[in-house]
Amino acid sequence: MTNVVIAYESHDNERPRQSYKTRAGSNTNPPTSSSPHNTTMTKLKKIILIGASGSIGTPILEALIRAKSSFDAIAILTRPSSAPQFDKISSEHGIKILTVASYDNTSDLTAVFAGYDTVIAALGAAALDTQLKLIDAAVAAGVERFYPSEFGTATDSPALGDEPIFADKRKIQAYLLRQASSSSSSTNNNKLSFTALQTGSFADWALANGFIGFDINAKTAKFIDDGTAVASFTSLRDIGDATVTSLLHPDASKNAFIRVQGFAASQQDILKVLESETNSKWKVTKTPISDVLKRADEALEKKDFTTYAVSRIQAVLWGGNGAFEKDEISNQKIGWAPKDDLHAVVKQVLASK
Ligand SMILES: NC(=O)c1ccc[n+]([C@@H]2O[C@H](COP(=O)([O-])OP(=O)(O)OC[C@H]3O[C@@H](n4cnc5c(N)ncnc54)[C@H](OP(=O)(O)O)[C@@H]3O)[C@@H](O)[C@H]2O)c1
């Protein structure tokens, strides 16, 4: 885990500049202990989840419901057109459904956030920029903790350089860190802190939908290079639980990039388990990473943004930067352990096909 004290520059598009960094296991006191907001134990009890029907929003909502006795209020903020799908879950579990006409209206958002201490943004790629307004509203409403829509690679890692596919996430980080930084000033009422929860790839999601190169029905594997690069993974259910655990350990997760990991595996590791569980030999093809990057460039030229994004992310995953640094994994720091390892995920995905 990296706790950060934030030093700001005025350019939103720049990578957040971390003036201090602790690594798990170091003897250094967490830098945030000097903040006036650390003198009392934070409690995060009133939670708003945005994007609750999405790939990661759904398991986060399920985990919140499993842990609902730990919270005073759980609410979903959703677009009016999406609200009806939550009727059943709302009546069964006492989840409040909140809507605003537009996420562009900061004062409407502020009114909705009032009385809640935590906002979790699990918004999809198309809506990442929306978070700028959500953060403004969170500050204005006196929200204490904002979870930006991260849930993936260590997008803040210097090893990734200026990887363009994560520019939107870095922009939000920079903006959020600036707001969190000004919350340490005693001259305003801003209480905002942040938790950026990074999880590696969604293990079951990525295996089932072919994102990491496996076609379960056809029994084929598409390796990038020789398939030996290692990446971090966490199952959807485990990500939901890790999110809840981080809420229940608010001081450990405060102003921190929390990297949780279910397991680390290469494409070769995954293939071995798939072959053993299906008792068959799979067909393997290999593509040099340079071809994957070329495919991304060509897609960008044709304005095929999906192929562009998928190809760039695959190149990050299997290009040597897909796994979290061991000493930056925050599982222990937030008191969390995964339930699903590679074997469990493979079995679960095969059973669902
Ligand atoms: N690590 C991985 O393997 C992995 C995989 C996929 C995604 N991710 C990351 O996880 C995060 C969430 O992605 P996701 O795939 O779960 O998202 P998603 O399913 O595409 O969308 C999540 C929710 O965002 C809301 N939304 C979508 N478009 C919107 C718009 N234009 N304006 C306002 N709200 C909108 C919707 O909520 P309502 O309908 O309720 O309004 C939707 O259910 C992202 O940061 C993404 O990069 C990581």
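Where does Asp225 lie? In this predicted model, Asp225 sits in the loop between E11 and E12. Its backbone deserves a look, for Asp225 has a positive phi of about 55° although it is not a glycine. As background, most residues other than glycine have a negative phi. Asp225 is partly exposed, because 17 other C-beta atoms lie within 10 Å, and the count for a buried residue starts at 20. We will come back to both of the strands that flank this loop, but let us take in the whole chain before that.

The chain has eleven helices and 15 strands. Of its 353 residues, 44% count as buried. If you look at contacts between residues at least 6 apart in sequence, 76% of them join residues at least 24 apart.

Now to E11, on the N-terminal side of our loop. Strand E11 (residues 220-224) belongs to an open sheet of three strands, ordered E10-E11-E15, with mixed pairing. The edges of this sheet are strand E10 (214-215) and strand E15 (283-287), each of which pairs on one side only. In general, strands of a sheet pair through backbone hydrogen bonds, either parallel or antiparallel. Both senses can be found here: E10 and E11 run antiparallel and are joined by two bridges, whereas E11 and E15 run parallel and are joined by five bridges.

Thr220 is a good residue to follow through this sheet. On one side, Thr220 of E11 is the bridge partner of Asp215; in E15, the residue opposite Thr220 is Lys283. Further along, Phe223 stands opposite Lys286 in E15. The hairpin of E10 and E11 has four residues between the strands, and Lys219 in this hairpin takes a positive phi near 55°. Across E10, E11 and E15 lies helix H8 (residues 267-278), running at about 165° to E11.

What lies on the other side of the Asp225 loop? There we meet strand E12 (residues 230-234), which pairs with E9 in the parallel sense over two bridges. Within this pairing, Ser201 stands opposite Phe233 in E12. E12 is part of another open sheet of three strands, in the order E9-E12-E14, and again the pairing is mixed. Its edge strands are strand E9 (201-202) and strand E14 (263-266), each pairing on one side only.

A further loop, between helix H7 (236-248) and E13, holds Asn255. Like Asp225, Asn255 is a residue other than glycine with a positive phi, here near 50°. Is Asn255 buried or exposed? Asn255 counts as buried, because it has 28 C-beta neighbours inside 10 Å. Strand E13 (residues 256-259) sends Ala256 and Ile258 one way and Phe257 and Arg259 the other way, and all of them are buried. E13 runs parallel to strand E8 (residues 193-198), with four bridges joining the two. In that pair, Ala196 stands opposite Phe257 in E13.

Helix H5 (residues 167-182) is the place of Ser181. Ser181 counts as buried because it has 21 C-beta neighbours inside 10 Å. Ser181 and Leu192 are eleven residues apart in sequence, and their C-alpha atoms are 8.4 Å apart in space.

Let us turn to helix H11 (residues 342-352), whose buried residues are Leu342, Val345, Val346 and Val349. Seen down the axis of H11, these buried residues fall within an arc of 100°, so they line one face of the helix. The general geometry helps here: an α-helix has 3.6 residues a turn, so residues three or four places apart point the same way. On the other side of H11, His343 and Ala351 are exposed. The buried residues of H11 pack against helix H6 (203-208), E14 and H8. Two of these partners are already familiar: E14 is an edge strand of the sheet that contains E12, and H8 is the helix lying across E10, E11 and E15.

The ligand is our last stop. Which residues are closest to the ligand? Of the 26 residues that surround the ligand, the closest are Gly51, Gly54, Ser82, Gly124 and Gly152. By class, the shell around the ligand has eleven nonpolar, 13 polar and two charged residues.

Terms used. Residues are numbered from 1 along each chain as its sequence is written. This is a predicted model: local features need pLDDT of at least 70, side-chain atom pairs count only at pLDDT 80 or more; totals for chains, interfaces and linings use all residues. A residue is near a molecule or strand if its C-beta atom, placed from the backbone, lies within 6 Å of it. Ala, Val, Leu, Ile, Met, Phe, Trp, Tyr, Cys and Pro count as nonpolar, Asp, Glu, Lys and Arg as charged, and the others, Gly among them, as polar. A residue is buried if 20 or more other C-beta atoms lie within 10 Å of its own, exposed if 12 or fewer, and partly exposed in between; C-beta atoms are placed from the backbone. Two strands pair if DSSP finds at least two bridges between them. Two residues are in contact if their C-beta atoms, placed from the backbone, lie within 7 Å. Axes are lines fitted to C-alpha atoms, for helices over the stretch in contact, and angles run from 0 to 180 degrees between N-to-C directions. The arc is that of the directions from the helix axis to the C-beta atoms.
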